[in-house]
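Here's a quick briefing to read alongside the structure. Have the viewer open so you can click through the topics as they come up.

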Amino acid sequence: MTWLLGVIGDPVSHSLSPVIHKMWIREHGFDATYEALRVERGDLESALETLSERNALGFNITLPHKEEALSLADETSDIARRIGAANTLVRREQGGWRAENTDAPGFVRSLLDAGIEVAGSRVTLLGAGGSARAVAVSLMDLRAEITIANRTRERAETLVTETGITAGICSLEEGISEAATADVVINTLSLGHSGETLKLPEATGQYFYDISYGKPAAAIREEALKKNWQPMDGLGMLVAQAAYSFEHWFGVLPDTKEALAHCRKLVEATT
């Protein structure tokens, strides 16, 4: 029996998840397939019902479905509950789905692999959307001093209240203008998709970590380099979160080095 896996989102054609998971499926000899599945907002519940009939083992969930995936699950992990979003669904033996969030451990793994120590550091987090929730909870667990900078203060306040973290809040303009006073700046704003960028202040070699990668991160990466930041993209986080999803489905944590190197080549070829 061939298990069905996939990434559900809209848009989803750009996703590197099929490349990553197909590599690991071949490497470990599992009888499974992994597909990119475009599902429009509001159609996740019916899509999951249909996909369940195809021997579905689990799915990665991306925009705009992460919060709905959590609400549709029959069982929820502690980290997914704290974040308020699920990026991974795992089929239960008794039926239904268990909601997991591997964005958080994937983000932490990417920091460790890059040698970035945030414990006790001042971290400015740009954005307060779904991705920012996983990052903020991870930073709190790592004992960072967090400031959330967002266009609307209310959304940042909601993030703090619903996740239970401790963080300062400021406007996006203030967060950017004062960014150089932070030890690390993390961008969760999807600027590249709309052609926008940020005008960063001069830095003294601090990290600017953009969770995007490839073309969406290209403009802000150039800005960061020009202003003496150390830019880092989110490709390592993508591969790490995928590895933790794979572990939930198969009980095996795959090595990420080869997958990351392969994805890096693909991204560089199209940037």
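What follows is a run through the sheets, two helices, a pocket and some backbone oddities.

Keep in mind that this is a predicted model. There are two open sheets of six strands to get oriented with, one with parallel pairing and one with mixed pairing. On top of that, there's a pocket of about 260 Å³, the second largest, and a pair of cis peptide bonds, one from D10 to P11 and one between L63 and P64.

**The parallel sheet**

- Reading across this open sheet, the six strands come in the order β9-β8-β7-β10-β11-β12, and the pairing is parallel.
- β9 (168-171) and β12 sit at the edges, each pairing on one side only.
- On average, neighbouring strands here are turned by 20° against each other, ignoring direction.
- Strand β7 (residues 122-126) is mostly covered, with four of its five residues buried.
- β7 runs parallel to strand β8 (residues 145-150), and five bridges join the two. If you want a residue pair to click on, T124 has T147 in β8 as its bridge partner.
- Further along, strand β10 (residues 184-187) pairs with β11 over four bridges, again in the parallel sense. Here V184 stands opposite Y207 in β11.

**The mixed sheet**

- The other open sheet also has six strands, ordered β2-β1-β3-β5-β6-β4, and its pairing is mixed.
- β2 (32-38) and β4 (75-76) are at the edges with a single partner strand each, so one side of each has no neighbour in the sheet.
- For β4, two bridges join it to strand β6 (residues 97-100), and the two run parallel. T76 is the residue standing opposite A99 in β6.

**Helices α5 and α6**

- Helix α5 (residues 103-114) has 12 residues and reaches 16 Å from its first C-alpha to its last, close to the 16 Å expected at 1.5 Å a residue.
- Which residues of α5 are buried? They are D103, A104, G106, F107, S110 and L111.
- In general, an α-helix has 3.6 residues a turn, so residues three or four places apart point the same way.
- Right after α5 comes G115, which has a positive phi near 75°.
- Helix α6 (residues 130-141) has 12 residues too; at 1.5 Å a residue they should span 16 Å, and the end C-alpha atoms are 18 Å apart, which agrees.
- In α6, the buried residues are A132, R133, A134, V135, A136, V137, S138 and L139.

**The second largest pocket**

- This pocket has a volume of about 260 Å³.
- Its lining counts 14 residues, and G214, R221, D233, R264 and T271 are the ones nearest the centre.
- Which elements supply at least two lining residues each? β11 (207-210), α9 (215-226), β12 (230-232) and α11 (257-270) do.
- α9 gives the most, with four residues.
- By residue class, the lining divides into six nonpolar, two polar and six charged.

**Cis peptide bonds**

- The D10 to P11 peptide bond is cis, with omega near 5°. P11 lies in the loop between β1 (3-9) and α1 (17-28).
- L63 and P64 are also joined by a cis peptide bond, where omega is about 5°. You'll find P64 in the loop between β3 (56-61) and α3 (66-72).

**Positive phi outside glycine**

- R143 isn't a glycine, yet its phi is positive, near 65°. R143 comes just after α6, in the loop between α6 and β8.
- Is R143 buried or exposed? R143 is exposed, at a relative accessible area of 61%.
- N228 is another residue other than glycine with a positive phi, near 70°. N228 sits in the loop between α9 and β12.
- N228 is partly exposed, with a relative accessible area of 43%.

Definitions and conventions
Residues numbered from 1 in each chain as written. Predicted model: local features only at pLDDT ≥ 70, side-chain atom pairs only at ≥ 80, totals over all residues. Heavy atoms only, no water. Expected span 1.5 Å × (residues − 1). Buried < 20%, exposed > 50% of the residue type's maximum accessible area, 1.4 Å probe, protein only. 1 Å grid on protein atoms, 1.4 Å probe; cavity = no way out; pocket = protein on both sides within 12 Å on 5 of 7 lines; lining within 4 Å. Points joined across faces, edges and corners; volume = space filled by probe spheres on them. Nonpolar A, V, L, I, M, F, W, Y, C, P; charged D, E, K, R; others polar. Pairing = 2+ DSSP bridges. Axes fitted to C-alpha atoms, helices over the stretch in contact; angles between N-to-C directions.
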